[in-house]
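Student: Got a minute to go through this one with me? I'd like to start with a helix contact.

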Amino acid sequence: MSELTLVVGSKNFSSWSLRPYLALAHTGQPFREVLVPLDTPETAALIAMHSPSGRVPVLKHGDTVVWDSLSICEYLAEAFPAAKLWPADSATRAMARSVTSEMHSGFQALRTHLPMDISARKTVPGLDAPGVHADIARVQGLWAGCRERYGKGGPFLFGAFSIADAFFAPVITRFVTYGVPFRPENVAYRDAVLGLPAMLKWTEAALGEPPLARYR
């Protein structure tokens, strides 16, 4: 089988990289990881060695190169169907894809004002920025709704772990970082995601990274 290589950015900050990392770890396939520190004079050149888009993450599988976190996760779902990265039921799968796509393309206020910073515990003026509270409410409503309707078979949004959980994992870390309260019905979901072995491994590495002067 062709070797799998996942190129990721700094683990403390790169929410885009965390998502396919969790999905790939869930497949159980062995893979090589290439870490590119962000915000250094060498960052752009190092990423360019792997990524046609000039961004991370990037998945390499033999001669196949896939970039963009959602595209990588979709590729993994097709390449390793036994991992069941999407729900089996078509209607449930459509809902899982919908919430994942909303996370992938939306919540701009949340992304802008509450950037991922796993090692930090802080409050910021951004919590009161326009749109942030609406984004937080929407995310928590999605979690609660998915858990109530689809979550009977396990602790995740659709029962078993799926790509949807990989996409919301960085948001969970953001809420922890900035002290955003979790709705009571979402606490168990938070703990399930943070307790994933791959998430624990990623977090441990993130805590050991040096701080960045800035991050975009």
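Tutor: Sure. In H4, Thr92, Met95, Val99 and Glu102 meet Arg138, Leu142, Cys146 and Tyr150 of H6, where contact means heavy atoms within 4.5 Å. Helices here are DSSP runs (H or I, at least four residues), numbered from the N terminus, and strands are E runs of at least two.

Student: How do the residues of that contact divide into nonpolar, polar and charged?

Tutor: Five nonpolar, one polar and two charged. Ala, Val, Leu, Ile, Met, Phe, Trp, Tyr, Cys and Pro count as nonpolar, Asp, Glu, Lys and Arg as charged, and the others, Gly among them, as polar.

Student: Is this predicted or experimental, and what's the numbering?

Tutor: It's a predicted model: local features need pLDDT of at least 70, side-chain atom pairs count only at pLDDT 80 or more, and totals for chains, interfaces and linings use all residues. Residues are numbered from 1 along each chain as its sequence is written, and side-chain values use heavy atoms, with hydrogens and water left out.

Student: Switching topic: is Ala144 buried or exposed?

Tutor: Buried, with a relative accessible area of 11%; the cut-offs are under 20% for buried, over 50% for exposed and partly exposed in between (1.4 Å probe, protein chains only). Ala144 is found in H6.

Student: What does Ala144 touch?

Tutor: Arg183, Glu185 and Asn186, leaving aside residues up to four places away in sequence.

Student: And how far is Ala144 from Ala198?

Tutor: They're 54 residues apart in sequence and 23 Å apart in space, C-alpha to C-alpha.
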